[in-house]
Amino acid sequence: MVMFDSQLIDLIRHFAPEELAELRLFIKSPYFNRGNFFQETINLLAFVENAAPDFLPRDLEREAAYEAVFPGMSIITGKLDKVMSELHLLTKEFLAIHQYTDKENEFQRLLEQAVFFRTHGLSKRFDNLVQKLTGYQSESRYQDELF
């Protein structure tokens, strides 16, 4: 049986090599990967990456994946599925965070920093940031809801 038709593989096989490298860093971060399967998600991603860039079904056999994720352990039905589900959730979180950190979202990030400064009594930093945000608005070519 293969993992090829899973939502996880369908998503990851569309990543560029640079995106896979970034995903690997994300998955290895205990800040983002706080689940019960920390090491197992790292192992599973490494197994999936070994199938790149072709992601052929023969390279994604469930038995081989199980051995890569749980080396030397007997197969327990459903256990690999839990790790696959966890890695899929983390991969979708990565996509959201990766998009959020793009340069095009700098205004939104600064706005959220301003909220933090205001709600935490950092009025001088808040005022400085509001001036910067106002400058961004004056340079904006589009007056959408973000404006």
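The paragraphs below lead through a predicted model, from one helix and what covers it to a loop, the salt bridges and a surface patch.

Because the model is predicted, local features need pLDDT of at least 70 and side-chain atom pairs count only at pLDDT 80 or more, whereas totals for chains, interfaces and linings use all residues. Residues are numbered from 1 along each chain as its sequence is written, and side-chain values use heavy atoms, with hydrogens and water left out.

A good place to begin is helix α2, residues 17–28, where helices are DSSP runs of H or I with at least four residues, strands are runs of E with at least two, and both are numbered from the N terminus. The expected span of a helix is 1.5 Å times one less than its number of residues, and for the twelve residues of α2 this gives 16 Å, which agrees with the 17 Å between its end C-alpha atoms. Within α2, the residues L20, L23, F26 and I27 are buried, a word that stands for under 20% relative accessible area, with exposed meaning over 50% and partly exposed in between (1.4 Å probe, protein chains only). These buried residues cover an arc of only 115 degrees around the axis, which puts them on the same side of α2; the arc is that of the directions from the helix axis to the C-beta atoms. An α-helix has 3.6 residues a turn, so residues three or four places apart point the same way. On the other side of α2, P17, E18 and L25 are exposed. The cover over the buried residues of α2 includes α1 (7–12), α3 (38–50) and α5, with contact taken as heavy atoms within 4.5 Å.

The loop between α3 and α4 (62–69) holds P53, and the peptide bond that leads from A52 to P53 is cis, with omega near 0 degrees. F55 is also placed in the loop between α3 and α4, and has a positive phi of about 50 degrees although it is not a glycine. At 3% relative accessibility, F55 counts as buried.

A salt bridge is a side-chain nitrogen of Lys or Arg within 4 Å of a carboxyl oxygen of Asp or Glu, and by this rule the count comes to five. One of them joins R13 to D10, with the closest N and O atoms 3.0 Å apart; R13 is partly exposed at 31% relative accessibility, and D10 is partly exposed at 36%. Another links the side chains of R58 and D59 at 4.0 Å, N to O, where R58 is exposed with a relative accessible area of 63% and D59 is partly exposed at 31%. In the salt bridge between K103 and E106 the closest N and O atoms are 2.8 Å apart; K103 counts as exposed at 65% relative accessibility, while E106 counts as buried at 18%.

On the surface, Y31, F32 and I97 make a nonpolar patch of about 280 Å². Patches are made of residues with over 30% relative accessible area and no salt bridge, like charges being joined within 9 Å and nonpolar side chains (Val, Leu, Ile, Met, Phe, Trp, Tyr) within 5 Å, and accessible areas come from the Shrake-Rupley method with a 1.4 Å probe, only the protein chains shown counting as cover for residues. I97 lies in helix α5, residues 79–100, and is partly exposed, with a relative accessible area of 30%.
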